[in-house]
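Subject: The structure we talked about

Hi,

Here is the structure I promised to pass on to you. Please open it and keep it beside this email while you read, as I go through what turned up in it.

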Amino acid sequence: QVQLVESGGGLVQPGGSLRLSCAASGNIFSINTMGWYRQAPGEQRELVAAITSGGSTNYRDSVKGRFTISRDNAKNTVYLQMNNLKPEDTAVYYCNADLIVTNMIRYRYWGQGTQVTVSS
């Protein structure tokens, strides 16, 4: 069994910063891509940023230059540093991991989600 536990969401004023963390634990053999998605009320879930095990990253256009994704492979943890936050960044943020468990089966797991609210 695998768990993804997120932390770091909250309420912040426009222009502020937050750092999200997501730690994976359990019967993990290896983790390929880790990513952050978000879902605003009434909207579809969308990819925010992703990072491969080798450190290659990609971002949606609206967050480029403001958000930075990183990971600590030794800790099976991915981070999302969010700067210059805007009201349109308000959403529930979900961690996602594409990984292989100890019986060599590949799965995609999701975290429980953490609320980010940007408002004055």
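One thing before we start: this is a predicted model.

Let's begin with the inside. The largest nonpolar core has 29 residues, and those that touch the most other members are Trp36, Val48, Phe67, Val78, Leu80, Met82 and Tyr93. Several strands contribute to this core: β1, β3, β4 (28-39), β5 (46-51), β7 (67-72), β8, β9 and β11 (114-118) each give two or more residues. The biggest share comes from β9, which supplies six residues.

Methionine 82 is a good residue to click on. Leaving aside residues up to four places away in sequence, methionine 82 touches Gly16, Ser17, Leu18, Leu20, Arg66, Phe67, Tyr93 and Val116. Two of these contacts, Phe67 and Tyr93, are also on the list of core residues that touch the most other members.

Next, have a look at how some of the strands are arranged. Strand β3 covers residues 18-26 and pairs with strand β1, residues 2-7, in the antiparallel sense over six bridges. If you would like a place to find that pairing, glutamate 6 stands opposite cysteine 22 in β3. Strand β3 also pairs with strand β8 (residues 77-82); these two run antiparallel and are joined by six bridges. Here you can look for leucine 20, whose bridge partner in β8 is leucine 80. While you are following a strand, it helps to remember that side chains in a regular strand alternate between the two faces of the sheet.

Cysteine 22 leads us to another feature. Which residue forms a disulfide with cysteine 22? The partner is cysteine 95, and the two sulfur atoms are 2.1 Å apart. This is the one disulfide in the count. Cysteine 22 sits in strand β3 and cysteine 95 in strand β9 (residues 91-101), so the bond ties together parts that lie 73 residues apart in sequence. The disulfide is left-handed, because the torsion about its S-S bond is about -80 degrees. Both ends are hidden away: cysteine 22 is buried at 0% relative accessible area, and cysteine 95 is likewise buried at 0%.

Now for the charged residues. Side chains of opposite charge can pair when their charged atoms come close. A search of the whole structure gives six salt bridges, and I picked out three for you:

- Arginine 38 and glutamate 46 meet through their side chains, at 2.8 Å from N to O. Arginine 38 counts as buried because its relative accessibility is 6%, under the 20% limit. Glutamate 46 is partly exposed, at 25%.
- Aspartate 61 and lysine 64 form a salt bridge in which the closest N and O atoms are 3.0 Å apart. Aspartate 61 is exposed, with a relative accessible area of 63%.
- Aspartate 98 and arginine 106 meet at 2.5 Å, N to O. Is aspartate 98 buried or exposed? Aspartate 98 is buried, at 10% relative accessible area, while arginine 106 counts as exposed, at 57%.

Finally, some salt bridges share partners, and in this way Arg38, Glu46, Arg60, Arg66 and Asp89 are joined into one network. You have already met Arg66, as one of the residues that methionine 82 touches.

Enjoy exploring, and write back with any questions.

Best wishes

Technical notes
Residues are numbered from 1 along each chain as its sequence is written. This is a predicted model: local features need pLDDT of at least 70, side-chain atom pairs count only at pLDDT 80 or more; totals for chains, interfaces and linings use all residues. Side-chain values use heavy atoms; hydrogens and water are left out. Two strands pair if DSSP finds at least two bridges between them. Helices (H or I, at least four residues) and strands (E, at least two) are DSSP runs, numbered from the N terminus. A salt bridge is a side-chain nitrogen of Lys or Arg within 4 Å of a carboxyl oxygen of Asp or Glu. Buried means under 20% relative accessible area, exposed over 50%, partly exposed in between (1.4 Å probe, protein chains only). A disulfide is a pair of cysteine sulfur atoms within 2.5 Å. A nonpolar core is a set of buried Ala, Val, Leu, Ile, Met, Phe, Trp, Tyr and Cys residues joined through side-chain atoms within 4.5 Å. Contact means heavy atoms within 4.5 Å.
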